[in-house]
Amino acid sequence: MYIVVDERDGRPIYRQVADEIRGLIARGELREGAGLPPVRQVAADLGVNLNTVAAAYRELQREGLISVRHGAGATVASRTARGKSDGELRKPLRAALTALVLAGLPRAEIMTLVSDELRGLLKRGK
Amino acid sequence: MSSTFVTLFVVDLALLACFICMPVMRGEDAFFGVRVDSETYRGEGRRILRRYWFWLVMTFLQVEAVGFVVSYFKGRAEFASVASPLLLLPLAALLYVIFYRQVKPLERVEEGQRFASSLKARRLKDYTSLALEVLVVLMTIVPVVLLVHYYPQLPERIPVHWNWRGEPDAWARKSYYSVFSLAATLVYLQGLILFIKHGLLGVKMTLPAEHTEEYLRLKEEALGFTLRFMDWMRLLVCVMLGGLAANVALTSVEHLRPLSKVVAVAAEVAGLMMIASALYMAYHFYATDRRLKTEAGRVYVQRQRDAEHWYLGGLVYFNREDPALWVEKLVGWGYTFNLGNKWGYLYLAVILGVPLLLFLPLEK
């Protein structure tokens, strides 16, 4: 199991690392209790600063997705992120849908795309 | 004309072979740690490579000829034994750097790529066998205990070196230093190998986002093999150096003497097995590269950002921005350390201590 980081992607690296791990948790590839590698190892492999990976881990910890204990390293704590209001959850959805609408896709096609992606996420998460 | 000269000729020949193979990067359009266009590689690149080989062989022949003449006609074998490897290594390295500088302007800069990182934690305990650790600790302690116990009974003149038949051929005056130096070297080497093993767990594994599964599998396999190899070497070092250290006491104490022959043979066998293991390790790296080439298509993969931090034709890696201490070698096989990381100097100092320690016991 691995995460992928793209230097040409507009998102900062720490966000990409967090997003990749979030995706793996959502798809159920990383189960509750699964251990994550030490910050140092991921930073070395990706050739990025230690703080970059630490920031990603901190963000995931704030959301309650992982727990970090000294000595034991980081483990997946939960498959549900906490502390996000309905409005906050809608924001990225609205942004993504706006992009699809602006791309000129008809309503039916957007619905197919959304349900495809959702099925992909939930199927493996079972 | 002595056997020393023949041995050294073989060592020099091995050195030459290393330098001949070094710039070629496993059948890819890259050499001297520099990626170039296919066309350049086959045209201009080939010509540079052939010129490099020509000068290398010429230098080798000259150095050997001088060594041969001096040792044969003047009877000064020590000149050949010291001068030829000491002369050949820097000259070959100089040629390598000169030709690398010719290749560098031809470099094809790659676009930033996507890279991956494994989410499997590499922990020391996954690569450690408790039985082996106990065995190694025991075999390191036993010679020391033996020497401490028999120290008062040792004669004034003690053996410090043995020939291949297990008979002592070099002696020294009894002192704490001459008696315990071999055992101290053993403890030092055990610590050093363990230290390197621990460091290698954090090695930077460069994984391209394409064919990641294959790269990950083969690179983890290569790392696992390297770590197992180091454990195996720790065991052999124990048998070899521990045996020799114990033999200081075994040869000198009357009722233990029959044991000394057995121990000497075991130490010799361990020494031979070390050479055989090192050769097998080289072959294993070669085989892994071939599998990478067939399964993933490419062996030489670097971020452009990292590639810019290799110096002297990919022999030295210096990158202050990189948190990794150990990195995969750019040319050749295995791992090397990042000299931009201050901990790298600690490794360098500890490793440079080994040859010093190995030669110290031979002094009178």
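The points below describe chain A, the sheet it shares with chain B, and a surface patch on chain B.

1. Basis. This is a predicted model, in which local features need pLDDT of at least 70, side-chain atom pairs count only at pLDDT 80 or more, and totals for chains, interfaces and linings use all residues. Residues are numbered from 1 along each chain as its sequence is written, chains are lettered from A and ligands numbered from 1 in the order in which they are written, and side-chain values use heavy atoms, with hydrogens and water left out.

2. Chain A overall. Chain A holds five helices and three strands, and along the sequence these follow the pattern β-α-α-α-β-β-α-α. Helices (H or I, at least four residues) and strands (E, at least two) are DSSP runs, numbered from the N terminus. The C-alpha atoms of chain A fill a box of roughly 50 × 35 × 25 Å along the principal axes.

3. Burial and surface of chain A. Of its 126 residues, 32% count as buried, where buried means under 20% relative accessible area, exposed over 50%, and partly exposed in between (1.4 Å probe, protein chains only). Chain A exposes about 7,700 Å², of which carbon and sulfur atoms supply 56%; accessible areas come from the Shrake-Rupley method with a 1.4 Å probe, and for residues only the protein chains shown count as cover.

4. The sheet across the two chains. An open sheet of three strands runs in the order S1(A)-S3(B)-S6(B), with antiparallel pairing. Strand S1 (2-6) of chain A and strand S6 (207-208) of chain B stand at the edges, each with a single partner strand, so one side of each is left without a neighbour in the sheet. Two strands pair if DSSP finds at least two bridges between them.

5. Pairing in detail. S1(A) and S3(B) are joined over five bridges, and A:Tyr2 has B:Ser118 as its bridge partner in S3(B). Strand S3 (residues 114-118) of chain B pairs with S6(B) over two bridges; there, B:Phe115 is partnered by B:Pro208.

6. Cover of S1(A). Four of the five residues of S1(A) are buried, and the strand is mostly covered.

7. Nonpolar patch on chain B. B:Phe54, B:Trp55, B:Val57, B:Met58 and B:Leu61 make a nonpolar surface patch of about 460 Å². Patch residues have over 30% relative accessible area and no salt bridge; like charges are joined within 9 Å, and nonpolar side chains (Val, Leu, Ile, Met, Phe, Trp, Tyr) within 5 Å. A salt bridge is a side-chain nitrogen of Lys or Arg within 4 Å of a carboxyl oxygen of Asp or Glu. B:Trp55 lies in helix H2 (residues 38-73) of chain B and is partly exposed, with a relative accessible area of 45%.
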